[in-house]
Amino acid sequence: MTTRVIIVDDQAMVRAGFAALLAAQSDIDVVGDAPDGVQGVELSRRVHPDVVLMDVRMPEMDGLEAARQLLDPPIGVTHRPKVLMLTTFDVDDYVYEALRAGASGFLLKDAPPADLISAVRVVAAGEALLAPSVTRRLIADFARRRPALRKDRTSLRLNGLTPRETEVLELIARGLSNQEIADALVLAEQTVKTHIGRVLAKLELRDRAQAVIFAYESGLVTPGDR
C-alpha cells in the first residue's frame, strides 16, 4: 500500500528536497506541500494524507498549532493524519508539546536521507518514532524541569494497570523496542504488543510517544533511570 505524504515547511528548498527523496520511493506518494501551518492544515483536510511532515517553526501558524488542529480536529472533521515533526533543534519545547498533543515523533532536518524515508514508513505503520536517543533526551529534559502533572489523576490511571502492564510501560519509557521488551520479560513479541495495546487503551493514549511522556509526567519513570 502506498503512503500518502504532504510536506509543510517554510523553506522551499527543504520541501523540494524532501519531496524528491520521498517520491523516488515506490511505496511513498508525495501529494502536496505547503509553506506554513495555515496552508498545511487546509491542504491536509483537502487531500487526506497518511503522514504530514511538519516543520516546527513557521510563519502564520507554527507547526505546534498546526499539529494540534490536525490531531484534534473540530466536530465534523474525521481525518486525522499521523504527524511527524521536523526540527533543527534536538531539544525544543515546541516538539515536546507536539508530542503531548499526539504527534507520532520528530526528526532532525539534518538526519540522513535513509532516516527520513524510514521515519515516514515507521509512522505510517502506526508506530511512534522514539528510537533516536535525542527523543528520550528531549522528553527527559522537560520532564526534569516540570513537576509531575495532575499527580493524583495520573496515579489513579496507573493503578488501573496490572503489574505486568506497568512493567511494559516502564520499559517503553526507557526506549526499548517490542523485541527488546520481549527479551527482557521473557515473553513472545506478540504478547508484548497485546500488553502495549491494553496500556494505551486503559490510559487513553494515542501511541508510544504519549505513553513515554505519561510515564515521565506520572513519576513512574524519572530522568536518569536505567
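1. A word on terms to start: two strands count as paired if DSSP finds at least two bridges between them. Please keep in mind that this is a predicted model.

2. With that in hand, have a look at strand β1 (residues 3–8) and strand β3 (residues 51–55), which run parallel and are joined by 4 bridges. In this pairing, Ile6 of β1 sits opposite Val52 in β3.

3. β1 has another partner in strand β2 (residues 28–34): the two pair in the parallel sense over 6 bridges. Here Val5 is the residue that stands opposite Val30 in β2. As for exposure, β1 is mostly covered, with 5 of its 6 residues buried.

4. The connection from β1 to β2 is worth following by eye. Together with helix α1 (residues 12–23), the strands β1 and β2 form a right-handed β-α-β unit.

5. Next comes helix α2 (residues 37–47), where the buried residues are Gly37, Gly40, Val41, Leu43, Ser44 and Val47. Viewed down the axis of α2, these buried residues fall within an arc of 165°, so they line one face of the helix. An α-helix has 3.6 residues a turn, so residues three or four places apart point the same way. And what lies over the buried residues of α2? The cover includes β1, β2, β3 and α3 (63–71).

6. Finally, do check both ends of α2. At the N-terminal end, Asp36 acts as a cap, with a side-chain oxygen 3.0 Å from the backbone nitrogen of Val38. After α2 comes His48, whose phi is positive, near 55°.

How values were computed
Residues numbered from 1 in each chain as written. Predicted model: local features only at pLDDT ≥ 70, side-chain atom pairs only at ≥ 80, totals over all residues. Heavy atoms only, no water. Buried < 20%, exposed > 50% of the residue type's maximum accessible area, 1.4 Å probe, protein only. Right-handed = clockwise from strand over helix to strand, strands pointing away. Arc of directions from axis to C-beta. Contact = heavy atoms within 4.5 Å. Polar contact = N/O pair within 3.5 Å; in protein donor to acceptor, adjacent residues only side chain to side chain.
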